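This report goes through the fold, the surface and the side-chain pairs of one protein model. The sequence and structure come first.

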Amino acid sequence: MEHKHKSGKKEEVIRVGEYGIFFKRPYQIMYMLNDFLIGIIFLIGSFFFLYESLKTAGCWLFAVGSLLLLIRPTIRLVHDIHYKRYSKNQ
């Protein structure tokens with residue numbers, strides 16, 4: 001079953017009794033928070049490179065930002081696995 005969101009995007013909904021489980025929304029929130037953190041970390045890291053004394057910290061921020069970039073496809077993969085596993089049991 002599909003549910004149309006205000007933005008026009010469709011979400012997969014599986015009804016369990018009176019409760020609807022929205023599989024996409026929690027993962028979208030995690031995805032957006034991750035992207036927001038990536039942006040903040042890379043922005044701060046860029047400013048750190050303007051000062052010689054903060055360049056090492058800037059390198060660490062870029063490394064953390066890169067790790068968060070790896071988390072992006074992981075969130076999508078976990079969502080897909082969770083959805084497929086749950087829909088098989090229904």
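## Burial and H79

A residue counts as buried when its relative accessible area is under 20%, as exposed when that area is over 50%, and as partly exposed in between. The model discussed here is predicted.

H79 has a relative accessibility of 15%, so this residue falls in the buried class. The residue is part of helix α2, which covers residues 55–89. The side chain of H79 makes a polar contact of 3.1 Å with the side chain of D80.

## Overall fold

The protein contains 3 strands and 2 helices. Read from the N terminus, the order of the elements is β-β-β-α-α.

The protein has 90 residues, of which 16% are buried. Among contacts with a separation of 6 or more, 42% are between residues 24 or more positions apart.

## Surface

About 7,000 Å² of the protein is exposed, and 67% of this area comes from carbon and sulfur atoms.

Which residues form a nonpolar patch on the surface? The patch consists of L43, F47, L50 and Y51, which together have about 470 Å² of accessible area. One of these residues, L43, sits in helix α1, which spans residues 24–48.

## Aromatic pairs

A pair of aromatic rings is described by two quantities, the distance of the centres and the angle of the planes. How many aromatic pairs does a search of the whole structure find? The search gives 2. In one pair, the ring centres of F42 and F62 are 5.4 Å apart and the planes are at 25°; planes under 30 degrees apart count as stacked, so F42 and F62 are a stacked pair. This pair links distant parts of the chain, since F42 belongs to helix α1 and F62 to helix α2, 20 residues apart. F42 is partly exposed because its relative accessibility is 26%. F62, at 25% relative accessibility, is likewise classed as partly exposed.

F62 also pairs with F49, and this pair is stacked, with 5.3 Å from centre to centre and 25° between the planes. F49 is in the loop between α1 and α2 while F62 is in helix α2, so the pair ties together parts that are 13 residues apart in sequence. The relative accessibility of F49 is 33%, which means that F49 counts as partly exposed. Through these ring pairs, F42, F49 and F62 are linked into a cluster.

## Salt bridges

The whole structure was also searched for salt bridges, and 2 were found. D35 and R72 form a salt bridge through their side chains, at 2.7 Å from N to O. This bridge links distant parts of the chain: D35 is in helix α1 and R72 in helix α2, 37 residues apart. Why does D35 count as partly exposed? Its relative accessibility is 29%, and partly exposed is the class between under 20% and over 50%. R72 counts as partly exposed as well, with a relative accessibility of 26%.

The side chains of E52 and K55 also meet in a salt bridge, with an N to O distance of 3.4 Å. Is E52 buried or exposed? E52 has a relative accessible area of 63%, so this residue is exposed. K55, by contrast, has a relative accessibility of 31% and counts as partly exposed.

Methods: Residues are numbered from 1 along each chain as its sequence is written. This is a predicted model: local features need pLDDT of at least 70, side-chain atom pairs count only at pLDDT 80 or more; totals for chains, interfaces and linings use all residues. Side-chain values use heavy atoms; hydrogens and water are left out. Helices (H or I, at least four residues) and strands (E, at least two) are DSSP runs, numbered from the N terminus. Buried means under 20% relative accessible area, exposed over 50%, partly exposed in between (1.4 Å probe, protein chains only). A polar contact is a pair of N or O atoms within 3.5 Å; within protein, one must be able to donate a hydrogen and the other to accept it, and residues adjacent in sequence count only if both atoms are side-chain atoms. Contact means heavy atoms within 4.5 Å. Accessible areas come from the Shrake-Rupley method with a 1.4 Å probe; for residues, only the protein chains shown count as cover. Patches are made of residues with over 30% relative accessible area and no salt bridge: like charges are joined within 9 Å, nonpolar side chains (Val, Leu, Ile, Met, Phe, Trp, Tyr) within 5 Å. A salt bridge is a side-chain nitrogen of Lys or Arg within 4 Å of a carboxyl oxygen of Asp or Glu. Rings of Phe, Tyr and Trp (its six-membered ring) pair if their centres lie within 6.5 Å; planes under 30 degrees apart count as stacked, over 60 as edge-to-face and the rest as tilted.
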